[in-house]
Amino acid sequence: MNRPHPSWGGEPVSRPTLEAIEAAANLIEGVVARTPTVPYIGNAKGIRLKLETLQPIGSFKLRGVYNWATRLPEFNRTKGICTTSAGNTAQALGFVARHYNVPSKTLLPETVPNAKLQAITSYGVEPVKVSVDELFAYMLEEKWRSEPYCYLNPWGEPDMIAGTGSLGLEILEQVPEVESVFVSVGGGGLAAGVGSAIKSCNASVRVIAVQPEGCPSLQASFAAGKGTWISPTDTICDGTKVPLIVEEMYPLLREVVDKIVVVPETRVREAMRSLALRNKVVAEGSGALALAGALHTDFGYRGVSVCVVSGGSVSPALLAEVIQEED
């Protein structure tokens with residue numbers, strides 16, 4: 001794979017203001033669910049689960065995508081909307097496109113599993129298969145600028161980050177005594193949005209980013225002091241298997257993230273199984289990452305914790321396999 005510079009050549013992504021996040025929360029109300037925060041039923045103290053799996057598409061991504069699309073000028077939006085995603089962002093895009101009755105498409109790797117492809121096309125999204133090199137060139141060399149469709153940057157779009165920040169506001173309202181919030185990290189949009197909201201309202205609350213051992217791109221970037229590429233290995237957390245943190249996102253993530261926890265695959269699978277059997281919650285690998293991180297962190301450090309269960313896009317076969325494994 002050709003590795004271009006980890007940047008699209010823009011300015012650093014600015015932290016959304018509290019006013020922008022509150023405005024997004026008001027705008028998405030009625031379309032995006034205000035999801036519950038429930039106690040984790042397991043052998044761990046002081047953990048609550050923010051169930052974004054209960055969104056209409058089963059993922060937090062709808063918050064940001066709807067806020068972004070709704071703020072587009074109607075003349076531009078009617079031309080269509082597009083992104084680069086083989087997962088929950090693409091599904092959110094399709095849901096929003098149907099809401100506004102506009103076309104949608106996503107660029108995705110030509111190796112995309114058939115189950116993911118079917119999930120995306122079920123929302124009416126046109127899939128455009130390209131090589132991995134072409135995919136990153138489209139994003140980092142901004143080849144989307146030649147498209148008639150409005151392009152959603154899945155990591156650094158300010159309106160998407162502000163929309164995602166609404167999740168952080170809900171956590172603080174639902175669990176005012178929270179001391180740590182655990183979020184999974186792929187490209188960084190979830191951590192950027194939730195972290196911006198949390199730090200704007202209560203800077204003493206820790207924002208803890210969680211990544212799998214197979215793809216610790218944020219950990220590598222923090223160590224390097226800048227956005228960087230890594231060479232990922234196999235991981236069940238395919239939704240967060242992003243092999244880089246771009247330079248535009250790095251300063252914001254460095255500002256709002258207090259700690260990074262990297263967890264082994266076995267811990268992620270244990271978290272998926274525990275969510276399914278104890279809380280009756282279906283979560284994909286990336287969706288269970290935050291809980292895996294909290295269970296991997298001593299209560300003396302984390303205190304009362306909220307884990308964002310970010311998505312539930314997991315195949316029945318994989319879920320059955322994980323559930324039947326022994327702890």
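The exercises below, each with a worked solution, concern a predicted model.

**Exercise 1. Work out the strand order and the pairing sense of the four-stranded sheet, and find which strands stand at its edges.**

Solution. Begin with the order, which reads 5-4-3-6 in an open sheet whose pairing is parallel. Next, look at the two ends of that order: strand 5 (126–130) and strand 6 (150–152) each have a single partner strand, so one side of each is left without a neighbour in the sheet. As for the geometry, neighbouring strands of this sheet are turned by 25 degrees against each other on average, with direction ignored. Then take one pair in detail: strand 3 (residues 81–84) and strand 4 (residues 104–109) are joined in the parallel sense by four bridges, and in one of these Thr83 has Thr106 of strand 4 as its bridge partner.

**Exercise 2. Describe how helix 4 and helix 6 are placed against this sheet.**

Solution. Helix 4 comes first; this helix, residues 88–100, lies across strand 3, strand 4 and strand 6, and runs at about 175 degrees to strand 3. Helix 6 (residues 132–140) also packs on the sheet, where it touches strand 3, strand 4, strand 5 and strand 6, and its direction makes about 130 degrees with that of strand 4. Follow the chain onward to the loop between helix 6 and strand 6, where Glu142 is found; although Glu142 is not a glycine, this residue has a positive phi of about 50 degrees.

**Exercise 3. Work out the strand order of the six-stranded sheet, and follow the contacts of helix 12 with its strands.**

Solution. The six strands form an open sheet in the order 1-2-10-7-8-9, and here the pairing is mixed. Strand 1 (37–39) and strand 9 (259–263) stand at the edges, and because each has a single partner strand, one side of each is left without a neighbour in the sheet. On average, neighbouring strands of this sheet are turned by 30 degrees against each other, direction ignored. At one edge, strand 1 and strand 2 (residues 47–51) run antiparallel and are joined by three bridges, with Thr37 standing opposite Lys50 of strand 2. Helix 12 (residues 285–295) packs on the sheet and touches strand 2, strand 7 (180–184), strand 8 (206–212), strand 9 and strand 10 (305–309), its direction making about 140 degrees with that of strand 7. In the loop between helix 11 (265–277) and helix 12 one finds Lys280, a residue that is not a glycine and yet has a positive phi of about 60 degrees.

**Exercise 4. Find the bounds of the two domains, and describe the interface between domain 1 and domain 2 in terms of contacts and buried area.**

Solution. Start from the domain assignment, which gives domain 1 as 18–60 + 158–324 and domain 2 as 63–152; the C-alpha centres of these two domains lie 22 Å apart. Now count the residues that meet: 31 residues of domain 1 are in contact with 19 residues of domain 2. The area buried between the domains is about 2000 Å², and carbon and sulfur atoms give 64% of that area. Within domain 1, the residues that lose the most area to domain 2 are Leu27, Ile57 and Met160, which together account for 32% of what that side buries.

**Exercise 5. How many salt bridges and polar contacts are counted between the domains, and which helices of domain 1 supply residues to the side that touches domain 2?**

Solution. Between domain 1 and domain 2 the count is three salt bridges, and there are eight residue pairs in polar contact. Helix 1 (18–28) and helix 7 (158–174) each supply at least two residues of the side of domain 1 that touches domain 2, and the largest share of that side, eight residues, comes from helix 7. For the model as a whole, the count comes to 13 salt bridges when a nitrogen–oxygen cut-off of 4 Å is applied. A pair to check against this cut-off is Glu170 with Arg63, whose closest N and O atoms are 3.0 Å apart. Their salt bridge links distant parts of the chain, since Glu170 is in helix 7 and Arg63 in helix 2 (residues 61–71), 107 residues apart.

Key. Residues numbered from 1 in each chain as written. Predicted model: local features only at pLDDT ≥ 70, side-chain atom pairs only at ≥ 80, totals over all residues. Heavy atoms only, no water. Pairing = 2+ DSSP bridges. Axes fitted to C-alpha atoms, helices over the stretch in contact; angles between N-to-C directions. Contact = heavy atoms within 4.5 Å. Domains from an automatic or database assignment. Buried area = accessible area lost by both parts, 1.4 Å probe. Salt bridge = Lys/Arg side-chain N within 4 Å of Asp/Glu carboxyl O. Polar contact = N/O pair within 3.5 Å; in protein donor to acceptor, adjacent residues only side chain to side chain.
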